[in-house]
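Reader: I should be grateful for a close look at a single helix of this model. Please describe how it is set into its surroundings, and then place it within the chain.

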Amino acid sequence: MGGVDSIARLKYHFDMAATALPTALPTPLANAVAPSGPAATDERLLAVAERLFARDGIDGVSVRSITIEAEANIAAVHYHFGGKPDLVRALVERRVDEVNAARLVMLRAAERAPAVTARDIAVVWIEPLARLALDPERRAYLGFLVALQHAGPTMRALGTEAFRPHFPRHDVLLTRAFPHLGAPVRRMRFGLAVDMSMRALADLEHLRGPWVAAGESPESRELIDAIIDAFSGLLEGGTPIASTRPRVTAPEQRSQTTT
């Protein structure tokens, strides 16, 4: 029951953070007029770039293709942002403050809890991102972040740096939840879970596939909860195969053993 109570407490703190936060933080871009005139060129470029990067990857989209679709001059990107890396950095920063602010509230609640479970950690990571995934106007940001993780090292580092401030606090929670595991194993599992959850949240429609094949139509909240379950499972791991099954050797090793 303690685990259930702690999850409910974390969700409560997330709901409070979501209520306190506006749909988008009050930045100059958020306060720009509707994208119909020169004053909205920077926001049009960001919106188009976010969508194209999410669809085609960072390396698969040129600055020219962004400006053409945004109906902007080719020099507009350089005027408003600089080069392509600067545009990518602006996209990362576009929503990261909102995500980090909501997550910080939940991290503090988890840190004060007497015990921490895998599901608590999953909730802390996923719920702030789920708010974007459930918003048609902002879900492309998650696809953009996934694309960023598969770009070159320089581009990938931009996304890592944006979320890095909370990594040490996640590490403390992982240590509390899994004191019997070494740090490399804990961090490896967390990295796998983060990668899986980002991909799933970026494309909830694709995630519906197994339900649709079974003739069902799941609610989006059901999908989010399924992602939290999967994240928790990856963190928890399973029974080590080596302890219950004989070690499997490669064919060449078997041949060397028998000779």
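Author: The cover over the buried residues of helix H10 includes helix H6 (118-133), helix H7 (140-149), helix H9 (167-177), helix H11 (204-207) and helix H13 (220-236). The model is a predicted one, and what follows describes that prediction.

The residues of H10 that are buried are Arg186, Arg189, Phe190, Ala193, Val194, Ser197, Met198, Ala200 and Leu201. Viewed down the axis of H10, these buried residues fall within an arc of 165 degrees, so they line one face of the helix. The length of H10 can also be checked: its 20 residues, 183-202, should span 28 Å at 1.5 Å a residue, and the C-alpha atoms at its ends are 28 Å apart, which agrees.

One contact partner of this face can be followed residue by residue. Beyond its neighbours within four places in sequence, Phe231 is in contact with Phe190, Ala193, Val194, Met196 and Ser197, and also with Ile121, Ala122, Trp125 and Ile126. Of these partners, Phe190, Ala193, Val194 and Ser197 are among the buried residues of H10. Phe231 belongs to the largest nonpolar core, a set of 67 residues, where Phe144 and Phe231 have the most contacts inside the core. H6 supplies the largest share of this core, eleven residues. In soluble globular proteins, nonpolar side chains tend to be buried together.

Helix H8 (residues 153-163) offers a second case for reading alongside H10. Its buried residues are Met155, Leu158, Gly159, Ala162 and Phe163. Seen down the axis of H8, they fall within an arc of 120 degrees, so they too line one face of their helix. On the other side of H8, Pro153 and Thr154 are exposed. The buried residues of H8 pack against helix H5 (84-112), H7 and H9; H7 and H9 are also among the helices that cover the buried residues of H10.

It remains to place these helices within the chain. The secondary structure consists of 14 helices and zero strands. Of the 259 residues in the chain, 43% are buried. Among contacts with a separation of 6 or more, 73% are made by residues 24 or more positions apart. The accessible surface of the chain comes to about 13900 Å², and carbon and sulfur atoms account for 58% of that surface.

How values were computed. Residues numbered from 1 in each chain as written. Predicted model: local features only at pLDDT ≥ 70, side-chain atom pairs only at ≥ 80, totals over all residues. Heavy atoms only, no water. Helix = DSSP H or I, 4+ residues; strand = E, 2+ residues; numbered from the N terminus. Expected span 1.5 Å × (residues − 1). Buried < 20%, exposed > 50% of the residue type's maximum accessible area, 1.4 Å probe, protein only. Arc of directions from axis to C-beta. Contact = heavy atoms within 4.5 Å. Areas by Shrake-Rupley, 256 points an atom, 1.4 Å probe, with all protein chains shown as cover. Core = buried A, V, L, I, M, F, W, Y, C linked by side-chain atoms within 4.5 Å.
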